[in-house]
Structure formats: structure tokens, C-alpha cells
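Visitor: I should like to go through this structure with you and ask, at each point, what justifies the terms that are used. Shall we begin with the charged side chains?

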Amino acid sequence: MDKNRITINKRTLEKSKKFEVYGDIIVPDIKPDIVNIINTNANTYIYKTEISDGKVRVDGNIDAFVIYLADNGETRSISITLNFSEFIEDSSILSGMKTKEKTTLLEIESKILNERKISVKAQIDVKAEMWEKEDIEFVNANDEMIDVQKLEERLEVKSCVGENISKASIKENIKANGESKIAEILKTNVNLCNLENKISYNKVLAKADANISILYLSEENNIEKLETTIPVMTFIDIQNVSDTNTCLAEYTIRNMLYKIDVKESLNVEVQIEYDVDCTVYENKEINVIQDMYSTKSEIVFNQKEALIMLANEEEKEIVKVEDKVLVENINSIYDVCFTPVINNKIVNGDIINYEAEVLVDILFEADNRNGINFQRVNVPFVFRSKKEIESSDLIIETQNFGINNEYINCNLEINIRSQEMNMRKINIIDNIESKENSEEDEYKMIVYFVKKGDTIWSIAKKFKVYMENIIKLNNLENPDKINVGDRLYIMR
């Protein structure tokens, strides 16, 4: 008996938890009193995960910068790290599973308690995906049996070759513009781009570029911006990989530090640590027997349902968003931060219509007042898809913001990247046995009326005849279209 085997890396659970994190900042004596808060921004990441039966524990940080107007008229900033430890609970979680986590900062705000104290509140969404591998073995064919009719389907599937996690890190000193010393960091941001994987002997080389931007206040009280690109690279050991395989590498930040060089104050030391989770797949063509019978003998077999991953190319759709927004008295733009959000979806048959917007946070210089100013604008857009899309699936590919008098022209290209895997349930057969036919072999004509749920295959199997004979005898132009009550002649 010829058997085949594939290994499926399947997602067994996806669960999210929303919660709030609080913290207070005491303004150091060397800093001036607070008059007004201009903006609060933050980066969040999970540095530790523990899995046990029934729950996942996640420990993480929120590194926040509060930009404020001081009583001396200057723009200043103060930082805080908020810690969180939360459990995501579900009875289907088992200690041997693998987890992938993602944090989303939904909202962060600061409130002045008094001129020397600030309260910070952040709302976080943590999503945990639970994964496990399963070996699926099934009958490929059995040519030894006589007059066996097989309901077969040829599929191209993804079979998991192997997976592993490696660490990658950035440690770089970024020099300030000119000779101006750095007084305070106002805002930081890092984005990965140009992701690339190369397979060598039992290894995968994962490469990417980290685009880092730092908005800072100089000792001359000028607002400046540093921008640089730093390569991220790591080797991941995975046995039995070949250059015909496909790789999926996912980067997760585990630690982050931005620190001003104390001695010279001309550099910002940047340290970022990543976990790089790599899974290697092999595309395999398989011929799956989902059902079978014999016209000459009794066939007994076990049948079970299996979940497989179909091989398909990553779907990528780009939506262009253009809008013009009013920002009064704007002179120049210091920094722009944008967050795509899905607000509503309307299902229309196989199509889902999405109503979304980009939340654009603009830090800018105004021509009628000093220091840094902040304004949030909402840029709406709509798109359609056949798949379930989440806000986290909307990736800003390119962005351009230009000032036109008191308006900002916003031009964005958004990649709608569906993370939905092409999974499918199929019936597979195992442990086939053949027995002698207990019925007498006699010829007769049967008149059969089609019932609900009938197919030509199920009718042929019921009476142990060939499908082709039913189709030919009844002059069926389209065997896939038979209706309840249709009369069929069956010769056996």
C-alpha cells in the first residue's frame, strides 16, 4: 500500500486581550515645571513569554516619551517605561505548543497631576497565536485491487520542512547633525524593510534593513531629526533545507534602548534585539483519495478529516490614498506618524467592503509660536477584499507629505496583506481492506430518483457501478448538475 506524508504547521488558536497600563512620572529637579502636554508617543514590545497548560503569560514594556511645554516657554520631554505582565487564558493551550505574539498600542495619553507630576495611561492589545505541527499520513494509491473506483483530487500543498528561532541585534551610535549636542530625545521610531531570505546548507540567512528615526531637542533648543538605515542579519539553523524551499521569517522586538552619549552628547546609542522566527516549507503535489469503492468486491477503510495548507502565492493589493488636510499656521513638518485602522466592514456575498482611515499624527513648527506643535488628522479610505482583514494587516508601503499653504497633501500607498492562510479540510483514507462481495452478481435495471445531497459519485458508489455508465446511459451533459427528483436509469 503506497502512502504519502506531509507535515502541517497549523494555527490552533488566535486570541487577543485588551488591557490598560498606568504609571506616574515625577519631573526631576533639573527640568522646568510643566505647563501643557504637547504629545505622548511610545513603543511597545514583549520581552518574555511563558506557556503552560491553559494559559500564556506575556511580560513587556512600553517605552514612552512625553513632550511638554515648560513654564519658561521651552519645549521639553521626559521619558518613562511602563511594565506589564498579563495572562491570555484558554483551555486549548498546551505547554508544548509554540506561540507567536504581537502587541498593538491602541492609545496613550498623559495628564498633568501638578506642575511636577504626570500620569500616563496606555491601552494595549496583545494577540497570541498558538501553533503546533502535525504529521498527516494517507493512502496515495492502491493498484492491486480490481475495479477500484477512486474519488481523487490533485492538490499542491505546503509541507513544513523545519523551523527554528535565532536572535539578531542592532548596536549603533548615531551621530547628531553638525556639532549641536543632544539635550533630550522627543520621539523614536523603527521600521523593517527589504526583508530577504537566502538558503544555504542546513541554514537560512535572514536579512532586513531597520529604518531608524530619532526626533531630539538640541542644547540650543532646536528641534532636529536623525535618520539612518542599519542592516539586520542572522543565520538560522534548520536541517534538510534546500534552495527549492520557501521561507517565512518573522521579526519580533524583544528589547529596545535609546540612550544619549553622556560624555559628549553628540551621539544616540541605539540597541534593538530581535527574535527571528523562521519556518521553511516545501511545495508538494499530492494525489489525495477522498473516497473509493469497488464494483467487484467489498472495500473497508478508515476515513478521517485532516486540515492541510494549500500552496499559494502571497496576495498583495496596494491601495492609494490621497487627501488634503488643514493644519493652520504650519511652517514645516518635524515628524509624521501614521496608523491605519479598520472602522467597519459590510459583507456583500463573497465580498467584504471595508471602511478604514489612517490616523496621522503630525509634529510641526508653526509660524506664529515657537517650539513643537501637534495635530492629529484622519484620512479616510475604503477597499474591498474576499478575505478577513485586520488593522494589523494594513502596511504603509510609501508615504509623502507636502505643505501647500496651510494644507498638507497626504499621499499614501497601503499594502493590504492578508495573513489568512489558505487552509482546507479534506477527507483522507487509511487502512484499506478488501473482502469478497456478498451480493449475487446479477444484471438488472434500476430506476432511481435523485435525493437531496446526492452526487453522481455517491449514486455510483451506492449501486457499485461505474460513473461513466450512469452519465452515458442518461445522456448527462453536466454530471455536476443534477437536481432533486431527477430520474436516473442505472444498469448493473
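Guide: Let us start with lysine 48 and glutamate 50, which form a salt bridge with their closest N and O atoms 3.2 Å apart. Please keep in mind that this is a predicted model.

Visitor: Why is the contact between lysine 48 and glutamate 50 called a salt bridge?

Guide: The term requires a side-chain nitrogen of Lys or Arg within 4 Å of a carboxyl oxygen of Asp or Glu. The closest N and O atoms of lysine 48 and glutamate 50 are 3.2 Å apart, so the pair qualifies.

Visitor: What makes lysine 48 and glutamate 50 count as buried, exposed or partly exposed?

Guide: Buried means under 20% relative accessible area and exposed means over 50%, with partly exposed in between. Lysine 48 has 39% and is therefore partly exposed; glutamate 50, at 38%, is partly exposed as well.

Visitor: How do you know that lysine 98 and aspartate 277 form a salt bridge?

Guide: Their closest N and O atoms are 2.8 Å apart, and the cut-off is 4 Å. Lysine 98 lies in strand 5 (residues 98-114) and aspartate 277 in strand 12, so this salt bridge ties together parts that are 179 residues apart in sequence.

Visitor: Why are lysine 98 and aspartate 277 assigned to the class they are in, buried or exposed?

Guide: The limit for buried is under 20%. Lysine 98 has a relative accessibility of 18% and therefore counts as buried; aspartate 277, at 9%, counts as buried too.

Visitor: What makes the pair glutamate 196 and lysine 198 a salt bridge?

Guide: The N to O distance is 3.8 Å, and the cut-off is 4 Å. Glutamate 196 has 34% relative accessibility and so counts as partly exposed, as does lysine 198 at 41%. Elsewhere, Lys31, Glu74, Arg76 and Glu184 are joined into one network by salt bridges that share partners. By this rule the count of salt bridges comes to 34.

Visitor: Which residues of the largest nonpolar core touch the most other members?

Guide: This core has 33 residues, and those with the most contacts to other members are Ile212, Ile214, Tyr258, Ile272 and Tyr274. At least two core residues come from each of strand 7 (148-175), strand 8 (182-200), strand 9 (203-218), strand 10 (223-237), strand 11 (246-260) and strand 12 (267-294). Another core, of 30 residues, lies apart from it and includes Val21, Ile46, Ile62 and Ile78.

Visitor: With which residues is tyrosine 258 in contact, beyond its neighbours in sequence?

Guide: Leaving aside neighbours within four places, tyrosine 258 is in contact with residues including Ile185, Val190, Ile212, Ile214, Val268 and Ile272. Polar names occur in the list as well, among them Thr188, Asn189 and Glu269.

Visitor: What makes strand 14 and strand 18 the edge strands of their sheet?

Guide: The sheet is open, with 3 strands in the order 14-19-18 and antiparallel pairing. Strand 14 (317-326) and strand 18 (394-404) each pair on one side only.

Visitor: How do you know that these strands pair with strand 19?

Guide: Pairing requires at least two bridges. Strand 14 and strand 19 (residues 407-416) have 10 bridges, and strand 18 and strand 19 have 10 bridges, so both count as pairs. Valine 325 stands opposite isoleucine 408 of strand 19, while phenylalanine 401 has cysteine 410 as its bridge partner in that strand.

Note on methods. Residues are numbered from 1 along each chain as its sequence is written. This is a predicted model: local features need pLDDT of at least 70, side-chain atom pairs count only at pLDDT 80 or more; totals for chains, interfaces and linings use all residues. Side-chain values use heavy atoms; hydrogens and water are left out. A nonpolar core is a set of buried Ala, Val, Leu, Ile, Met, Phe, Trp, Tyr and Cys residues joined through side-chain atoms within 4.5 Å. Buried means under 20% relative accessible area, exposed over 50%, partly exposed in between (1.4 Å probe, protein chains only). Helices (H or I, at least four residues) and strands (E, at least two) are DSSP runs, numbered from the N terminus. Contact means heavy atoms within 4.5 Å.
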